[in-house]
Amino acid sequence: MQQKSKLFLQALKYSIPRLGKCVQKQHLNHYNFADHCYNRIKLKKCHLTKCLQDKPTISELARNIPSRSFSCKDFLPIKQENKDSLSENMDAFEKVRTKLETQPQEEYEIINAEVKHGGFVYYQEGCCLVRSKDEEADNDNYEVLFNLEELKLDQPFIDCIRVAPDEKYVAAKIRTEDSEASTCIVVKLSDQPVMEASFPNVSSFEWVKDEEEEDVLFYTFQRNLRCHDVYRATFGDNKRNERFYTEKDPSYFVFLYLTKDSRFLTINIMNKTTSEVWLIDGLSPWDPPVLIQKRIHGVLYYVEHRDDELYILTNVGEPTEFKLMRTAADSPAIMNWDLFFTMKRNTKVVDLDMFKDHCVLFLKHSNLLYVNVIGLADDSVRSLKLPPWACGFIMDTNSDPKNCPFQLCSPIRPPKYYTYKFAEGKLFEETGHEDPITKTSRVLRLEAKSKDGKSVPMTIFHKTDSEDLQKKPLLVHVYGAYGMDLKMNFRPERRVLVDDGWILAYCHVRGGGELGLQWHADGRLTKKLNGLADLEACIKTLHGQGFSQPSLTALTAFSAGGVLVGALCNSNPELLRAVTLEAPFLDVLNTMMDTTLPLTLEELEEWGNPSSDEKHKNYIKRYCPYQNIKPQHYPSIHITAYENDERVPLKGIVNYTDKLKEAIMEHAKDTGEGYQAPNVVLDIQPGGNHVIEDSHKKITAQIKFLYEELGLDSTSVFENLKKYLKF
């Protein structure tokens, strides 16, 4: 049986167009339902192949990849003494950066896509798809199956891998850092492995075996960011490739998921609030699929299978939060669903994993992590509260039905392994070297009261020995859209900031998913301003409780998080000194009125339909960052955008920046001589991806901007950062 990480609910990744698929070769958190591969987190001392040794340095990338930066300081008068005060700090930054760019790096790598099947492990080694015996996976004894350089792509990497049931074929999805386009290759496994076929623009894909013992590959085809078509293909002497299903409603998308026991392949059709699932019999894949339940507006459901029963995670019924139901596989309609397990209020279901005798739910309740282990034989439930430092799960592969392994992480702490052993009924923690950050930092969970009395959770990190926190710099994170949690995976640059004295605050505002489905519903459509009120309350609460001050406060967000950040800059700019944004969504009204854009129709459930609904149009006008720019003092803003970003079009970002500059110039003119204008930087990077999270150039540029704008000495932070940038 092909092993894979469970990622049962991570299907939502495909339902968040503004979030996008981040390219992150060592990303330590997963949001991709269809990507059942996992990242091997440990650092691996290895002999690098030639293509890795030839990887350009940071400085070479900076020389070869043109970017365009525009700054208000290019045309607004600035006091000379301010430039002089920054020159020494800038020189220090340049010296350290030059040092880290020219310094030889240790030979480390982090393997991301990996699949165990039979006695082999399939993964990427250098520029190649390889496999090795399971017990030899950590040495250089591997078999090369395919060289990615044959695809003629710029720095390709393997996004996910699937192995056919009898190991005659392996399929892998290949991508590059500067594009969302992907290619799925199929390699025939033999004494001389050979590429059997390749398919462009594949999103999700799974193998099944038919009655004739023939391997069948099902895959979804993505066009203009829309995924509506399902194909099935066979290889060898009986080669065929045919379209199997097409979704007609443009507001829906399609993805594939193979139940953990490989008994059923599920075709999942969903938009932001509604889903529909069809079953393909894993033993008879050419038979017509079976509909579980026709789509009902507002009803979401996901399906797993065990012992001829379907386990259905759904929000049907009251309250409209996720609950676990089950029914016989041969009577799947909704009238046959029996309630099996309900969640507490304010609970987010992160994931689900199915075992022979147990079902494991990974939960977030009141901003803390839990694991619930349900005994399927006796319906017993054991709830385990996880360590308070943990902020996120990383699902691991699992080939042992007796154990449930997973990892926990936080923005400043690398992942740590845990294993729940069913026989002992206990959770075991990885032993070994304890990360020093556990003693040198604190994690706090506070709440802010929003205007309407709602309690808004916050997660805060700072050094244990920090004195007078009011004088420390504060970096606030926010997202608040699509029911997605604020990303709290490990980021080394965040760790470095805490080590350098920064306070990090993560504001879990309405519109996100931290407290369940209702938390999202209370921050979308004509309730989007709730998220803005929550963000304002969080920052004021932080300042009121002695965490920093406005002159030392910065706010950061990416993609749809830019809506709340841009809105706050318009309504309460005095709360902030600086802002960093990446691929931000800033022109909501004009974007949602342009139905020619690939994602507008999919976005209607989140933002509304201003083209046909005057109420939605007027409401969006109240908070849209672009629509509400006015002559006033703004915080300094650094925006990273991508030239061919299809999810957040560059045009909207450029229009926002131009209008903001005009407003700043008008305010500077009215204020008179001596006004210190904010710095507005638009850094346009090439490529067609949405967010490139691990770009060294982007990380250093953003940190440099924050230190300059807050008047901080950046020497030590870049000295510390260099040990992470070698990744």
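Hi everyone, let's start with one cysteine: C409 counts as buried, because its relative accessibility is 0%. Keep in mind as we go that what you see above is a predicted model.

So what about the sulfur of C409, and which cysteine sulfur is closest to it? That sulfur belongs to C391, and it is 7.6 Å from the sulfur of C409, which is too far for a bond. For a disulfide, the two sulfur atoms would have to be within 2.5 Å.

C404 tells its own story. This residue is buried, with a relative accessible area of 1%. How far away is the nearest cysteine sulfur? The answer is 9.8 Å, and the sulfur is that of C359, so with a cut-off of 2.5 Å C404 is in no disulfide. By this rule, the count of disulfides comes to zero.

Now let me zoom out to the protein chain. How many helices and strands does the chain have? There are 14 helices and 39 strands. The chain has 727 residues, and buried residues make up 61% of them. Next, take the contacts with a separation of 6 or more: residues 24 or more positions apart account for 61% of these. As for the outside, the accessible surface comes to about 28,200 Å², and carbon and sulfur atoms hold 48% of that area.

Let's pick out one sheet. A quick reminder for the first-years: strands of a sheet pair through backbone hydrogen bonds, and they can run parallel or antiparallel. Here we have an open sheet of four strands, in the order β24-β25-β26-β27, with antiparallel pairing. Which strands sit at the edges? They are β24, covering 347–354, and β27, covering 381–385, and each of them pairs on one side only. From one strand to the next, the twist averages 20 degrees.

Stay with β27 for a moment. Its antiparallel pairing with β26, residues 368–375, runs over five bridges. If you'd like a residue pair to find on the screen, look for Y370, whose bridge partner in β27 is K385.

My last stop is an arginine, R495. You'll find R495 in helix α5, which spans residues 492–499. Is R495 buried or exposed? R495 is buried, with a relative accessible area of 8%. And what does its side chain meet there? A polar atom of the R495 side chain lies 3.0 Å from the backbone oxygen of I412.

That's my tour, thanks for listening!

Definitions and conventions:
Residues are numbered from 1 along each chain as its sequence is written. This is a predicted model: local features need pLDDT of at least 70, side-chain atom pairs count only at pLDDT 80 or more; totals for chains, interfaces and linings use all residues. Side-chain values use heavy atoms; hydrogens and water are left out. Two strands pair if DSSP finds at least two bridges between them. Helices (H or I, at least four residues) and strands (E, at least two) are DSSP runs, numbered from the N terminus. Axes are lines fitted to C-alpha atoms, for helices over the stretch in contact, and angles run from 0 to 180 degrees between N-to-C directions. Buried means under 20% relative accessible area, exposed over 50%, partly exposed in between (1.4 Å probe, protein chains only). Contact means heavy atoms within 4.5 Å. Accessible areas come from the Shrake-Rupley method with a 1.4 Å probe; for residues, only the protein chains shown count as cover. A polar contact is a pair of N or O atoms within 3.5 Å; within protein, one must be able to donate a hydrogen and the other to accept it, and residues adjacent in sequence count only if both atoms are side-chain atoms.
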